[in-house]
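Subject: A structure for you to look at

Hi,

Here is the structure I promised to pass on. Have a look around first, then read on for what turned up.

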Amino acid sequence: EDFLNLIFKAMMKDSLNSSHPVSSAVQSSEQIEEMFDTLSYIKGASLLLMLKNYLTKDVFQAGIEVYLHNHSYGSAHSDDLWDSMNEITNGTLDVKKLMKTWILHKGFPLVTVVRKGKIISVQQEKFLYCMEPENWTSDASYVWQIPLTYKTSSCNFTHCTNAYLLDQKSGM
């Protein structure tokens, strides 16, 4: 419950146009200090949780083990974690490409789901809580790779959850 409250606070901050990406290039020590805020830590933790749920716990755990083994007693970059996850997924999913859309974009998407009979369509756009004219920039081109999970009425008890990766502005 505490973590969920922190997530909502971070999302509120991230929904402002004055937000910042989880990861970005820095030029000074002051910029480094600015990057290590609640938004970066909580959003980062949320993104790892999202990835774990999408990959499944076992696949995620195996990716973490590969990452720790490959980089024990050394330094690493964020891409190294995604590369370790890619090793485990054997090319079935480009984890680096998926995660870069989340860590390099500020903010988060609003996903709209519309059902017409048996047809379901989804659309994404950047969510902004309120526009701050002095900090406004156009982020309309942002496209996240969004792992969506869903259940259908044909659910059997061995496999109830289905997954869909929304990697465009809209999909069906």
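Let's start with a quick one: is Phe127 buried, partly exposed or exposed? Keep in mind that this is a predicted model. With a relative accessibility of 28%, Phe127 counts as partly exposed, because buried would need under 20% and exposed over 50%. Its ring partner is Phe108, and the two are stacked, with 5.4 Å from centre to centre and 25 degrees between the planes. Phe108 sits in the loop between helix 6 and strand 1 (109-116), while Phe127 is in the loop between strand 2 and strand 3, so this pair ties together parts 19 residues apart in sequence. Phe108 itself is buried, because its relative accessible area is 13%, and buried means under 20%.

That pair is one of three aromatic pairs found in a search of the whole structure. Another joins Trp102 and Trp144: the ring centres are 6.2 Å apart and the planes meet at 50 degrees, so we call it tilted. Trp102 is in helix 6 and Trp144 in the loop between strand 2 (119-126) and strand 3, so here the parts tied together are 42 residues apart in sequence. Both Trp102 and Trp144 are buried. Add Tyr142, and ring pairs link Trp102, Tyr142 and Trp144 into a cluster.

Trp102 also turns up in the largest nonpolar core, which has 22 residues. Along with Leu51, Val95 and Met99, Trp102 is among those with the most contacts inside that core. Helix 6 gives the most to this core, with five residues. What does Leu51 touch, leaving out residues up to four places away in sequence? The list is Phe60, Trp82, Met85, Val95 and Met99. As background, nonpolar side chains tend to be buried together in soluble globular proteins.

Now for the domains. The domain assignment gives domain 1 (3-104) and domain 2 (108-171), and the core above draws at least three residues from each of them. Their centres, taken over C-alpha atoms, are 20 Å apart. The contact uses 14 residues from domain 1 and 19 residues from domain 2. About 1,600 Å² is buried between the two domains, and carbon and sulfur atoms give 63% of that. On the domain 1 side, Asn17, Tyr54 and, once again, Trp102 lose the most area to domain 2, together 41% of what that side buries. As for salt bridges between domain 1 and domain 2, the count is zero.

Cheers

How values were computed
Residues are numbered from 1 along each chain as its sequence is written. This is a predicted model: local features need pLDDT of at least 70, side-chain atom pairs count only at pLDDT 80 or more; totals for chains, interfaces and linings use all residues. Side-chain values use heavy atoms; hydrogens and water are left out. A nonpolar core is a set of buried Ala, Val, Leu, Ile, Met, Phe, Trp, Tyr and Cys residues joined through side-chain atoms within 4.5 Å. Buried means under 20% relative accessible area, exposed over 50%, partly exposed in between (1.4 Å probe, protein chains only). Helices (H or I, at least four residues) and strands (E, at least two) are DSSP runs, numbered from the N terminus. Domain bounds come from an automatic or database domain assignment. Contact means heavy atoms within 4.5 Å. Rings of Phe, Tyr and Trp (its six-membered ring) pair if their centres lie within 6.5 Å; planes under 30 degrees apart count as stacked, over 60 as edge-to-face and the rest as tilted. Buried area is the accessible area (1.4 Å probe) that two parts lose on being put together, summed over both. A salt bridge is a side-chain nitrogen of Lys or Arg within 4 Å of a carboxyl oxygen of Asp or Glu.
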